[in-house]
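Please read the following walk through a protein model with the picture open beside the text. The path begins with one pair of residues and widens from there.

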Amino acid sequence: MHPEPPVDKHEIRAVYDDQVIRVYQAYSPTIADTALQRQRFVAPPFKMDRMTWIKPSFLWMMYRAGWGHKEAVQSRILAIDLSHEGWRWALAHSCASHRPADMLPEAWARLKQSAPVRIQWDPERDLHFTALPHRSIQVGLSGEAVSRYVHEWTRRISDVTPLAHRIGALVAHGDLNEAQALLPVERPYPARA
């Protein structure tokens, strides 16, 4: 169940307004509690030297984290509101997460070295986590991009774990209309990766 499938198989859909775009991440309680308290990610416990993946699709995040019940390290689902400038910077400084078939390995190594952001398109999911024919973007941040994410782009962090648990319970009980009604409304974002 997904409202109006996109025309473009690789359309970015997100919750956004004039100020921010919302992305999701799943973390351990230690990282989540610190981030919520400080309204930014703090090292430690957040690891600045690791690639961190952000996802604007709520359902893809739920698929990855099992409604917040999959693993202890992904038991807390955070909604992170980012500046549009930050999101666009990430897209502008990205490369695909896998080497294009027409690119030589040496050229691919140089491109990856120069791009602090990876883009990956995975099948979007429905309420039952069934793969849909269109794709959902994941954005992997490393190096300079992580620093900008933590120190410049983040505007607000909120805990959506209770919402994830509630929707997951409704799906488990077959209350799909009620579950669908609680999903964040994601609209086509006016920029492509």
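Begin at I80, whose bridge partner in β8 is I157. This is a predicted model, and every value in the text is computed from it. The pair I80 and I157 belongs to a larger pattern, in which β4 and strand β8 (residues 154-159) run antiparallel and are joined by five bridges. I80 also has a neighbour in another strand, for V23 stands opposite I80 in β4. That second pairing links β4 to strand β2 (residues 20-27), again in the antiparallel sense, with eight bridges.

How many of the residues of β4 are buried? Eight of its eight residues are, so β4 is mostly covered, where buried means under 20% relative accessible area. The side chains of a regular strand point alternately to one face of the sheet and to the other. In β4 both faces are covered. R76, L78, I80 and L82 lie on one side, I77, A79, D81 and S83 lie on the other, and all of them are buried.

A second group of strands centres, for this account, on β6. Strand β6 (residues 117-125) has seven of its nine residues buried, so it is largely enclosed by the rest of the structure. Strand β5 (residues 94-96) pairs with β6 in the parallel sense over three bridges, and within that pairing A96 stands opposite I119. Strand β7 (residues 131-141) pairs with β6 as well, but in the antiparallel sense and over eight bridges. There D122 stands opposite S136 in β7. β6 and β7 form a hairpin, with five residues between them. One residue in that turn, F129, has a positive phi of about 70°.

Positive phi values also turn up in loops. Q39 has a phi of about 60° although it is not a glycine, and its place is in the loop between α1 and β3. W67 also has a positive phi, near 60°, and is likewise a residue other than glycine. W67 lies in the loop between α2 (58-65) and β4 (76-83). Are these two residues buried or exposed, or something in between? Q39 is partly exposed, with a relative accessible area of 30%, whereas W67 counts as buried at 8%.

The loop that holds Q39 has another feature to look for. A cis peptide bond joins A43 and P44, with omega at about -25°, and another cis peptide bond joins P44 and P45, with omega at about 15°. P44 is found in the loop between α1 (29-38) and β3 (52-54), and P45 lies in the loop between α1 and β3 too.

Now step back to the whole chain. It contains seven helices and nine strands. Its C-alpha trace spans about 50 × 40 × 35 Å along the principal axes. A compact globule of 193 residues would have a radius of gyration near 16 Å, and the chain has 17 Å, which agrees. Of the 193 residues, 50% count as buried. Among contacts with a separation of 6 or more, 73% are between residues 24 or more positions apart.

The surface and the charges complete the picture. The chain exposes about 9,800 Å², and carbon and sulfur atoms supply 52% of that area. There are 24 positive and 21 negative charges, and their mean positions are 5 Å apart.

Note on methods
Residues numbered from 1 in each chain as written. Predicted model: local features only at pLDDT ≥ 70, side-chain atom pairs only at ≥ 80, totals over all residues. Heavy atoms only, no water. Helix = DSSP H or I, 4+ residues; strand = E, 2+ residues; numbered from the N terminus. Rg over C-alpha atoms; globule rule 2.2 N^0.38 Å. Buried < 20%, exposed > 50% of the residue type's maximum accessible area, 1.4 Å probe, protein only. Contact = heavy atoms within 4.5 Å. Areas by Shrake-Rupley, 256 points an atom, 1.4 Å probe, with all protein chains shown as cover. Lys, Arg positive; Asp, Glu negative; His and termini not counted. Charge placed at Lys NZ, Arg CZ, Asp CG, Glu CD. Pairing = 2+ DSSP bridges.
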